[in-house]
Amino acid sequence: MQHNNKNSSETNSALVGSLRDYREPRGTDIIKRVTPFFDWQDTRRKAGLWPYSKSTDTAPTTTCTAKDDDGEEVSGINFASQDYMSLSSHPAIKEVANEAIKEFGVHSAGSAALLGNTRLSLQLESTISEFLEGMEVVLYPTGWSAGFAAVQGFIRPNDHVLLDVLSHSCLQEGAKAATQNIYFHGHLNVKSVARRLARIRATDTENAILVVTESLFSMHSDTPDIGALRAACDEYNATLLVDAAHDIGCIGEDGLGHLGLQGMLHQADLIVGSFSKSFASNGGFVAVGTRAAKEYLKYYSATQTFSNALSPVQSAIVMKAFNIIGSEEGRVRRQSLMDNILYMRGKMSESGLEVLGDPSPIVPVKVGAEGQARLASLKLSQLGAIANLVEYPAVPQGGARFRVQVMADHSRPEIDLLIKKMIMAMEDSGCQFQNFKEGLPLNCNQSAQAA
Ligand SMILES: Cc1ncc(COP(=O)(O)O)c(C=O)c1O
């Protein structure tokens, strides 16, 4: 059955509210007090306006079949998966996964601090270390746990953490677990970093300050000036952490992301990486400059010591992915990916869609008001295209957007089709956007009526 309750009062109540409204429930019963969230979510679900927690019925390739969390099937072009280098169904990757299972079984069966490492995970550490030109590497079971560890493992209650306001949850949670001295600076604003560092150092010359940024911010698809951050850190004796989850492996001639493009690989004190975007697996790492820092992290970061190690299958997959990414095939894949990104951004802008940020595998397309964005998202899947909707509080209020995720294997016709369907979906749901083909900025409903 297709969700189609447009204009009903249920739909209207599904168009308002946000996750933010239920973040601080009150009352003594922690189970009962979360029910209002479910009521709101279920209203949205019944109206077909809960686009989250979808599941795939096929591999997450450029076309796929998925279900929403009410069991409704969505089938068609897929721009919602994080597999930027299109490695998740690569024959060589599947082959090493099968071989690893034959040799090791499927489980690491322990923390890396005990007996969880395997020959494969140790080889993977060396592979990444070589890729990062000699940095020391600690593996983690997810990218999230790596980001958390890089902050929590090193920072102590008297230290200070200064984060970009858009820093990923894992970095913020790592900071919260470590100290109460947490500050946020304006997004990408190095002047604001320097001002805060000066203020901290004016009263505390004894303790550490960790400056936290990302080399590619996923919701906005933009990048800091890492050299300027390094200079500010040097001036105030601070340490620099760069989370490279989204660009490592997939951006730049050599796949070193913006750290490589800006010539800053050896200027970051701590690098966080995730395997889940370009390396076809769950998992992540923290890279540091010294063996001493590596050994410390292994025993003092909670998500390393008290969580199971990466499985042998994951280690084999990621190692093969690094091999491909470091080879001529990887260079060609990165080029196809960037060609797709530039083609998509160009065509979208020509069509009057508002594309945010800079070229990266994430193409944020502004939709605007949350209610219309929810309707547009439903319509898009009914038209046979899948793209993630991101709304407040993940992005600013009224700034809902499609977070389009591009893969190296997407074809031009698939990209063209997405743009066509996205415009139809936005027009159908009354979004405001500039339709240059029609001339002036239009309300899409008007443009649809005029057509
Ligand atoms: C900047 C950043 N760090 C860490 C993570 C977590 O990585 P994973 O999803 O692999 O656990 C993400 C993923 O969304 C991210 O965007």
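**Helix packing and sheets in the predicted model**

Helix 13 (residues 328-350) crosses helix 15 in the right-handed sense. A crossing counts as right-handed if the near helix is turned clockwise from the far one by less than a right angle, and as left-handed if anticlockwise. The structure is a predicted model, in which local features need pLDDT of at least 70 and side-chain atom pairs count only at pLDDT 80 or more, while totals for chains, interfaces and linings use all residues. Residues are numbered from 1 along each chain as its sequence is written, and side-chain values use heavy atoms, with hydrogens and water left out. Helices (H or I, at least four residues) and strands (E, at least two) are DSSP runs, numbered from the N terminus.

The axes of helix 13 and helix 15 come within 10 Å and cross at roughly 30°. Axes are lines fitted to C-alpha atoms, for helices over the stretch in contact, and angles run from 0 to 180 degrees between N-to-C directions. Helix 13 and helix 15 are therefore roughly parallel. Angles under 35 degrees count as roughly parallel, over 145 as roughly antiparallel, 65 to 115 as roughly perpendicular and the rest as oblique. On helix 13, the contact involves Asp339, Asn340, Tyr343, Met344, Lys347 and Met348. On helix 15, it involves Arg412, Ile415, Asp416, Leu418, Ile419 and Met422. Contact means heavy atoms within 4.5 Å. Seven of these residues are nonpolar, one is polar and four are charged. Ala, Val, Leu, Ile, Met, Phe, Trp, Tyr, Cys and Pro count as nonpolar, Asp, Glu, Lys and Arg as charged, and the others, Gly among them, as polar.

Helix 15 also meets helix 14. Their axes come within 8 Å and cross at roughly 135°. Helix 14 and helix 15 are therefore oblique to each other. Their crossing is right-handed. Helix 14 contributes Ala376, Lys379 and Leu380 to the contact, and helix 15 contributes Lys421, Met422, Ala425, Met426 and Asp428. The contact of helix 14 with helix 15 has five nonpolar and three charged residues, and no polar ones. Met422 thus appears in the contact with helix 13 and in the contact with helix 14.

Strands 11, 14 and 13 form, in that order, an open antiparallel sheet of three strands. Strands pair if DSSP finds at least two bridges between them. Strand 11 (362-368) and strand 13 (388-390) are the edge strands, each pairing on one side only. From one strand to the next, the twist averages 30°. Strand 11 runs antiparallel to strand 14 (residues 400-405), and six bridges join the two. Lys366 has Arg401 of strand 14 as its bridge partner. Helix 14 (residues 370-382) lies across strand 11, strand 13 and strand 14, at about 35° to strand 14. Helix 15 (residues 412-428) packs on the sheet too, touching strand 11 and strand 14, with its direction at about 165° to that of strand 14.

A further open sheet has four strands in the order 1-2-3-12, with mixed pairing. Strand 1 (55-56) and strand 12 (385-386) stand at its edges, each with a single partner strand, so one side of each has no neighbour in the sheet. Strand 3 (residues 73-78) pairs with strand 12 in the parallel sense over two bridges. Ala385 in strand 12 is the bridge partner of Ile77. Helix 15 packs on this sheet, touching strand 2 (63-67), strand 3 and strand 12. The direction of helix 15 makes about 125° with that of strand 3.

Elsewhere, helix 4 (residues 119-131) packs against helix 12 (residues 312-325) at about 25°, with their axes 9 Å apart. That angle makes helix 4 roughly parallel to helix 12. Their crossing is left-handed. Contact residues include Leu124 and Phe131 of helix 4, and Met319 and Phe322 of helix 12. The contact of helix 4 with helix 12 has ten nonpolar, five polar and no charged residues.

The whole structure holds 14 aromatic pairs. The rings of Tyr296 and Tyr300 have centres 4.1 Å apart and planes at 10°, so the pair is stacked. Rings of Phe, Tyr and Trp (its six-membered ring) pair if their centres lie within 6.5 Å; planes under 30 degrees apart count as stacked, over 60 as edge-to-face and the rest as tilted. Tyr296 and Tyr300 are four residues apart in helix 10 (residues 291-300), and are therefore separated by about one helical turn.

Two loops carry backbone exceptions of note here: a cis peptide bond joins Tyr392 and Pro393, with omega about 10°, and Ser221, not a glycine, has a positive phi of about 50°. Pro393 is in the loop between strand 13 and strand 14. Ser221 is in the loop between strand 7 (209-214) and helix 8 (226-235).
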